[in-house]
Amino acid sequence: MFSIQEVSEFIKLNYNLTGELLKLPGESDDNYLFKPQDDKGLCVCKLSSPVKPEIIAAQLACVEYLVENKFPYTLPESITSLNGQGFILLREGWTLRLQKYVPGRLMKSANPRSSRLLKEWGRLCGNLSKYLQNFERASLHFKYKWNPSNTLDSRAFLSYLSKEEQVLANEIWEDFEKNTLPVLSQLRKSINYNDAHEQNIIISTDSIDPGITGLIDFGDILYCETINELAIACAYAGMGCHDPLSAIRDVVRGFHEVFPIEENEIDVLPSLITARLLITVTSAAYNKRHFPENKYLTISETDAWNVLNKLIEIPSNFIRYVFRTDCGFKILPKIRFEDWIASGPNLHAIMSLDRSRTLSLDLSVGSTQLGNSINYLDVNLFERRINRLLEDNKCDVAIGGYGEVRPIYTTEEYALEGNNGQEWRTVHLGMDVWNQSGTAVYAPLKGVVCSVANNRGYKNYGPTLILEHKVTPELTFYTLYGHLRWTSIQHWCTGDEVGGGDKIGEIGDTKENGAWPPHVHIQIILDMLGNREDFPGVSFPRNAEAYQAICPDPTCFFDFDIKSNNQIDQSNLLKLRKKLLGQNLSVSYEDPLQIVRGYKQYLFDLDGRRYLDTVNNVAHVGHEHPDIVACLQEQAAVLNTNTRYIHNNITYYADKLLRKFPPELCVVYFTNSGSEANELALRMVEAATNSKNMIVLESGYHGNTTGAIDISSYKFDGVGGFGAPENCQVLPCPDIYAGLHASEENAGEKYAHYVHKALNYFANKGHAVGGFIGESILSCAGQIVLPDNYLNTIYKAVRAAGGLCIADEVQVGFGRVGQCFWGFELQHVVPDIVTLGKPIGNGHPVGAVVTTRAVADAFANGMEYFNTFSGNPVSCAVGSNVLDVIEKEELQNNALEIGALLYSKLKKLKDEFQIVGDIRGHGLFLGIELVKNRNTKTSAAREARYLVNRMRSRGILMSVDGPRNNVIKIKPPLCIQEEDIDYLIKNLKQVLGEDAMSV
């Protein structure tokens with residue numbers, strides 16, 4: 001309509017300003033960014049298509065009103081013209097205005113949209129509704145196509161949709177016309193901003209933790225239903241999400257905190273959200289046909305369809321239920337059911353348990369009754385476990401499970417990709433009675449057969465019966481009975497009447513009941529949510545409150561008390577920990593985890609969420625490996641005593657362990673930990689050399705005892721440390737990426753040469769050297785791989801000066817490096833002493849020192865070495881079993897192959913993301929160094945911290961290490977599989993692409 005030159009002239013004439021104009025996107029307005037030549041600050045120039053001047057005046061007045069009332073966000077305040085006007089009338093009804101620029105960036109650019117940011121989105125809209133309650137302008141009372149309440153007007157664009165899209169659109173419109181339109185007149189109304197989408201919301205430039213700072217474009221304000229302010233925001237908040245409803249719920253919660261939603265508004269909110277989305281897609285379809293050159297007019301089309309298609313799959317009643325629970329409102333069917341139960345109805349026993357001894361069965365995530373995860377992963381072991389519990393407790397029947405968070409649902413059958421990685425349906429919505437197959441099941445009250453179905457499939461219900469019970473004119477509910485015997489319910493047909501106490505079926509066996517131990521699943525359902533033959537028996541934790549409101553506790557159908565497995569609230573547990581434990585005992589992650597179960601390469605939190613563990617090398621062969629757990633339990637039940645008694649386990653294990661070492665290393669001493677092992681190694685050095693003087697590596701770490709701290713640069717050079725003690729000389733960290741000799745030829749020899757300076761230091765003081773200690777790959781230094789010929793050069797120099805050489809294998813030993821069983825073998829050396837810990841017992845407190853006969857003889861100077869529990873029968877049985885598992889499951893080879901696969905995929909990430917400076921390591925002991933600049937190698941510590949916390953939120957456990965706190969360490973249990981690597985890389989790629997990781 002107007003050229004840039006014309007617009008410049010308008011600004012010069014009316015504002016006496018000259019400057020540069022840059023075109024901005026817009027639907028009905030022509031928008032320009034204006035930079036005045038006098039540098040008085042950026043402005044936005046808006047040319048609005050013909051519209052009543054009084055509407056433009058109302059828009060300006062609204063902004064002024066909010067500013068005067070101290071609205072807590074920055075707004076585009078109007079700049080008055082030379083004659084004091086807020087806008088200028090141009091030809092043909094167009095208007096021009098200048099507004100102050102709102103600094104920041106668009107919400108559209110935020111990656112990711114965190115839960116906190118989504119809630120703030122809701123609070124922004126809540127504040128708009130709150131502040132605009134008393135703002136009024138008659139000119140804003142008009143009909144507008146973008147008002148969700150006017151969605152039926154979009155039917156005019158129906159022909160622009162595909163046939164499939166038309167079907168969906170008509171379903172939504174018909175529901176709106178029938179259920180929403182009649183109640184709109186009962187809702188609160190006010191002036192609404194009416195356009196709180198991601199292109200109008202301004203956020204801060206903080207890439208790691210942005211917040212909402214401002215709002216622009218008041219061109220859509222009008223008088224309408226107040227709840228539409230929220231509905232519009234929700235429609236856009238769900239875009240680009242795997243789970244739009246979860247994102248929408250965050251916005252709803254934020255809005256309700258600021259501006260409480262009324263119950264009748266909650267009930268129409270789902271409909272108004274889809275109404276706005278339908279306006280978006282139909283308008284886009286129209287614009288695509290008539291204005292194909294203007295891509296801005298269809299910018300939200302694809303995302304809007306995706307949200308519509310996902311929301312339409314969720315029963316609208318369920319969306320109302322989750323909104324109600326989020327806002328603290330009760331659900332009417334639950335109130336009616338509770339009132340009916342309180343009236344004392346005559347209920348019959350579901351199962352004949354009068355003379356039965358009943359066990360309250362705990363199948364929660366941290367259940368010790370359930371025990372090791374293998375007990376539920378194999379149906380035969382699961383059935384044996386329950387039968388054994390019944391036998392041990394002298395009971396006939398096991399019962400329980402309502403509201404229980406269970407690990408048995410953390411398999412792929414119950415997984416779904418959520419907005420933050422995989423999620424599992426873990427909250428049980430019914431009551432289980434575990435009894436023998438063939439046991440009769442009875443109806444608790446009269447009803448009608450609603451469904452008879454065989455829900456086939458692994459971990460499904462199997463044969464299922466659903467009864468309908470009309471108990472009052474206002475209350476109809478359903479009872480579901482799953483895992484039955486198919487032949488016992490085949491005679492039922494839909495519509496058959498059932499009397500209270502009538503036999504309705506029998507418990508099925510594992511072959512037909514969905515592969516479960518024999519039991520019946522009983523569930524009360526107050527709203528079938530459109531389901532007919534099936535209904536979810538477990539819920540995602542985020543939906544549990546709503547599901548439990550429509551699936552109340554079936555305990556009311558039993559005439560005895562059933563224990564509930566109440567779990568400790570995490571916030572209280574954390575407070576108690578801080579009160580009772582030392583303040584320098586840290587927890588991982590900004591949002592601490594309460595871990596209650598482990599299995600193989602996974603850990604499980606209180607909600608049953610499964611986390612891929614890429615950092616706990618202590619569980620060397622896998623968390624709670626069944627063989628090791630069984631071995632520990634068996635030996636602990638027989639004997640656990642000290643080594644002053646002769647026992648086969650210690651000698652058997654010693655022989656087996658020493659066979660893994662070069663023949664020179666032929667004597668072993670057992671300890672309780674890696675720290676103790678290093679402490680003992682220092683005593684051996686002193687006994688053999690008559691010197692306590694040690695040479696150590698910068699950022700090296702060797703344990704938490706006093707002696708170990710004195711040789712750990714990571715500790716004495718860190719926060720709270722006092723520097724190296726006098727008997728300790730520190731060699732520079734042999735870092736070939738960012739160290740003193742980075743990328744230099746013969747870096748190994750150059751770094752090793754510093755040992756001569758250390759030796760000369762002791763010699764000049766007239767002191768002998770005791771020895772050198774170093775990890776075979778430096779862990780706390782940032783997964784530093786030793787350069788070629790490094791240890792060989794140092795060992796020769798130290799030995800020539802009369803010292804001994806210690807290889808600390810606490811973290812890298814037992815096949816972790818893949819190509820070798822011990823890390824020192826990578827350097828082609830044989831140490832005088834090797835210290836072991838962590839993986840040696842797969843988490844059991846055991847460690848060891850392996851040395852030469854000469855060192856052992858020197859240490860045997862008459863002073864007894866005695867350690868009450870080191871080398872005890874239980875620890876030795878465990879250690880021996882760890883070696884067996886490594887061999888049997890070929891875990892060293894797995895470390896080699898999976899480590900190589902992971903290394904190659906990480907290298908590809910380095911090619912894609914500038915923040916990844918270096919990938920290094922061997923086998924399954926790898927490091928990712930993050931830098932802000934690859935040339936300067938500046939540490940990206942803040943970004944590294946962000947990454948591990950984001951990965952934790954996505955269900956993957958990682959950790960930061962290195963003296964610059966910028967190295968992501970990867971040292972998972974050796975049983976990690978290829979599919980885990982794929983999942984890890986997929987999530988790493990996503991997080992590395994987020995705003996916080998941009999450098």
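Reader: Which residue in strand 37 is the bridge partner of Val667?

Author: That is Thr851. Please keep in mind that this model is predicted.

Reader: How do you know that strand 29 and strand 37 count as a pair?

Author: Two strands pair if DSSP finds at least two bridges between them. Strand 29 and strand 37 (residues 847-851) have 5 bridges, in the antiparallel sense, so by that rule they pair.

Reader: What makes strand 29 and strand 31 the edges of their sheet?

Author: The sheet is open, with 7 strands in the order 29-37-36-35-32-30-31 and mixed pairing. Strand 29 (667-671) and strand 31 (728-731) each have a single partner strand, so one side of each lacks a neighbour in the sheet. On average, neighbouring strands here are turned by 20 degrees against each other, direction ignored.

Reader: Which helices pack on this sheet?

Author: One of them is helix 17 (residues 648-658), which touches strand 29, strand 36 and strand 37. Its direction makes about 120 degrees with that of strand 29. Helix 18 (residues 674-689) also packs on the sheet, and its direction makes about 160 degrees with that of strand 36. Among the strands that helix 18 touches are strand 30, strand 32 and strand 35.

Reader: Why is helix 7 called oblique to helix 9?

Author: Helix 7 and helix 9 (residues 316-326) pack at an angle of about 135 degrees, and their axes are 9 Å apart. Roughly perpendicular covers 65 to 115 degrees and roughly antiparallel begins over 145. The angle falls in neither range, which makes helix 7 oblique to helix 9. Their crossing is right-handed.

Reader: Which residues meet where these two helices pack?

Author: From helix 7 they include Ile266, Leu269, Pro270 and Ile273, and from helix 9 they include Ile319 and Phe323. Leaving aside neighbours within four places in sequence, Phe323 is in contact with residues including Leu245, Ile248, Val252 and Ile273.

Reader: What makes Phe323 stand out in the largest nonpolar core?

Author: This core has 124 residues, and Trp121, Ile273 and Phe323 touch the most other members. Helix 7 (residues 263-290) gives the largest share of the core, 10 residues. There is also a second, separate core of 97 residues, which includes Ile208, Cys805, Leu909 and Val948. In soluble globular proteins, nonpolar side chains tend to be buried together.

Reader: What makes strand 7 and strand 10 edge strands?

Author: Each pairs on one side only. They belong to an open sheet of 3 strands in the order 7-9-10, with antiparallel pairing. Between strand 9 (residues 201-203) and strand 10 there are 3 bridges, and Ile203 stands opposite Ile212. Helix 3 (residues 115-131) lies across strand 9 and strand 10, at about 40 degrees to strand 10.

Reader: Which way do the residues of strand 43 point, and are they buried or exposed?

Author: Val967 and Lys969 point one way, Ile968 and Ile970 the other. All are buried, so each has under 20% relative accessible area. In a regular strand the side chains alternate between the two faces of the sheet.

Reader: How do you know that strand 42 pairs with strand 43?

Author: They share 3 bridges and run antiparallel, and at least two bridges are needed, so they pair. Asp961 has Val967 as its bridge partner. The hairpin of these strands has 5 residues between them, and Gly962 takes a positive phi near 100 degrees there.

Key:
Residues numbered from 1 in each chain as written. Predicted model: local features only at pLDDT ≥ 70, side-chain atom pairs only at ≥ 80, totals over all residues. Heavy atoms only, no water. Buried < 20%, exposed > 50% of the residue type's maximum accessible area, 1.4 Å probe, protein only. Helix = DSSP H or I, 4+ residues; strand = E, 2+ residues; numbered from the N terminus. Core = buried A, V, L, I, M, F, W, Y, C linked by side-chain atoms within 4.5 Å. Contact = heavy atoms within 4.5 Å. Axes fitted to C-alpha atoms, helices over the stretch in contact; angles between N-to-C directions. Parallel < 35°, antiparallel > 145°, perpendicular 65-115°, else oblique. Left-handed = near helix turned anticlockwise from the far one by under 90°.
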